[in-house]
Amino acid sequence: MSEAEATGGSPSLDWIDPVIHSPARLKIVVELYVVDAADATFLVHRTGLTWGNLSTHLGKLEDAGYVKVDKGYDGKKPRSLISLTDPGREAFKEYRANMQRALRELPD
Amino acid sequence: MSNIDLVEAERRSFRSATDTGLWDLRVAALASMFAIVPFWSATLGDFWSALAYVPVLLVVFGVLRWVRERHVRPRVGVARFGAYRRGRLRRFTVVMLVVNVIALVAGAVAAVRFDSGPTWLYPFAFGLSLLVMFSAAAYYLEIPRFFVYGLLLIGGSLVGEELFRQGQVTHHGYPVVFGSSAVLIATVGLIRLGSILRRALPSAAGHAPELDDV
C-alpha cells in the first residue's frame, strides 16, 4: 500500500525539503548541480533572478549548508565562486527522488 | 519535477558559457588566412607566406582574448564544469590533434607523390579534413552550426576548384571561397557576440557587490 493510499489519498509532503523546494532556490541548485562551481553573474544569467534575489536565496542555501561561497580574485577583480557542498548535492538527489515519489503517489 | 533533465541543463549551461561568438570569430580569422595567403605564395612560397600570416592571427586572437576578458566574461560569468565535460573536451583535443596530424602527413605525401598540377583530390581531401574537424567541434563543443561551417568549406573548396578550372578565379578559388566563408562566419559570430555585449554589466566593477556579503 502506498503512503497516499494509507493516508486516504493525500501523500505526506513532510519529506520534501523546503529549502530546495522554493522555485528560485531550485533553479539555483539545479544550475549548481550540473557544474563544479559558478560565479554570481553566471547564476543571475542562467536563473533569471535579480542580484538581490540571488543574494537572499544563496544566503538561505548557505545557512542550510547546501552551498559554499569561495571568495577569490580573478586578476585584480574579486570573483566569488559558488558551489554545492556534498550535503547540498545529496539533498538535491534526495529532493528529486522524493518529488518523483510524491508525483507518483498523487491521486488521479 | 521528475522532468528536470540534468543532462540538458548541463548542456545549456555549457553552451551559455562558451557559445559567445568568439569561436566563430577565431574560425573566421583562420579561414581568412586561406583567402589571403595564396596571394603571397607567389613571392614567399607556401610555407613562408603561411608563416607570415601568423602575426596577424596572433593579433586577432589577442584582441579576441581581450574582448573575452573585458567584455564577455563580466556579462556571461564564469562556470567550472565537471568531470563529464572535462573528459569531453579532452577527447575533442585528442580528435583534433589526430585529424590535424593525419591531414598534415597526407598533405605532405600528396605534395611529394602527386606533384603534377591540381587535381580534384587536393580540394576534396582538404575540404574533407575541414569537415571532420568542424564536425568534431560541433559535436564536442555542442555548437551545431560548426557542422554547417564544415559543409560550407568542403562545398566551397570544390566549387572554387571548378571555377578555377573554368578560368574564372585565381589561386584555386581559395580567396573567393575562404574569403566569403570568413565574412559569413564572422558575421554570425559578431551577431552572437553583439547579443551578449548588449547585456548590461552587473556593476561598474564587473561583479555583484551584494554577493561579497553572502
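The legends below describe close-up views of a predicted model with chains A and B.

**Figure 1. Overview of the predicted complex of chains A and B**. The predictor assigns the complex an ipTM of 0.78 and a pTM of 0.78. Chain A contains 6 helices and 3 strands, in the order α-α-α-β-α-α-β-β-α along the sequence. Chain B contains 7 helices and 1 strand, and its elements follow the order α-α-α-β-α-α-α-α from the N terminus. Of the 108 residues in chain A, 35% are buried; of the 214 residues in chain B, 26% are buried. Among contacts with a separation of 6 or more, residues 24 or more positions apart account for 55% in chain A and for 69% in chain B. Chain B has a mean pLDDT of 83, with 87% of its residues at 70 or more. Where pLDDT is low, the predicted coordinates should not be read in detail.

**Figure 2. The strands of chain A and their pairing**. Strand β2 (residues 67-74) and strand β3 (residues 77-84) of chain A run antiparallel and are joined by 8 bridges. Across this pairing, A:Val69 stands opposite A:Ile82, and A:Val67 stands opposite A:Leu84. β1(A) also pairs with β3(A), in the antiparallel sense and over 2 bridges. In that pairing the residue opposite A:Ile82 is A:Ala38. A:Ile82 in β3(A) therefore has a partner in β2(A), A:Val69, and another in β1(A), A:Ala38.

**Figure 3. The turn of the hairpin formed by β2(A) and β3(A)**. The hairpin has 2 residues between its strands. A:Gly75 takes a positive phi near 70° here.

**Figure 4. The largest nonpolar core, with residues from both chains**. This core has 31 residues. Those with the most contacts inside it are A:Val29, A:Leu32, A:Ala38, A:Leu43, A:Val67 and A:Ile82. In chain A, the elements that give two or more residues to the core are α3 (23-33), β1 (35-39), α4 (40-47), α5 (51-63), β2, β3 and α6 (86-105). From chain B, α1 (6-18) also gives two or more. The most comes from α3(A), with 5 residues. A second, separate core has 25 residues, including B:Ala28, B:Ala31, B:Leu64 and B:Leu152. In soluble globular proteins, nonpolar side chains tend to be buried together.

**Figure 5. Surroundings of A:Leu32**. Leaving aside residues up to four places away in sequence, A:Leu32 touches A:Ala38, A:Val67, A:Ile82, A:Ser83 and A:Leu84. Of the strand residues in this view, A:Ala38 stands opposite A:Ile82, and A:Val67 stands opposite A:Leu84.

**Figure 6. The buried and exposed sides of α6(A)**. The 20 residues of α6(A) should span 28 Å at 1.5 Å a residue, and the 29 Å between its end C-alpha atoms agrees with this. A:Gly88, A:Ala91, A:Phe92, A:Tyr95 and A:Met99 are the buried residues shown in this helix. They lie on the same side of α6(A), because they cover an arc of only 100° around the axis. On the other side, A:Asp86, A:Glu90, A:Lys93, A:Ala97 and A:Arg104 are exposed. The cover over the buried residues includes α2 (18-21), α3, β2 and β3 of chain A.

**Figure 7. Helix α1(B) and its buried face**. For the 13 residues of α1(B), 1.5 Å a residue gives an expected span of 18 Å; the end C-alpha atoms are 18 Å apart, in agreement. B:Glu10, B:Ser13, B:Phe14 and B:Ala17 are buried in this helix. Seen down the axis, the buried residues of α1(B) fall within an arc of 100°, so they line one face. α1(B) is also among the elements that give two or more residues to the largest nonpolar core.

**Figure 8. B:Glu142 in a loop of chain B**. The loop that holds B:Glu142 lies between α5 (121-140) and α6 (145-165) of chain B. The phi of B:Glu142 is near 60°, a positive value in a residue other than glycine. B:Glu142 has 17 other C-beta atoms within 10 Å, so this residue counts as partly exposed.

Technical notes
Residues numbered from 1 in each chain as written. Chains lettered and ligands numbered in written order. Predicted model: local features only at pLDDT ≥ 70, side-chain atom pairs only at ≥ 80, totals over all residues. Helix = DSSP H or I, 4+ residues; strand = E, 2+ residues; numbered from the N terminus. Buried ≥ 20, exposed ≤ 12 C-beta atoms within 10 Å, placed from the backbone. Pairing = 2+ DSSP bridges. pLDDT = per-residue confidence, 0-100. Contact = placed C-beta atoms within 7 Å. Core = buried A, V, L, I, M, F, W, Y, C linked by C-beta atoms within 7 Å. Expected span 1.5 Å × (residues − 1). Arc of directions from axis to C-beta.
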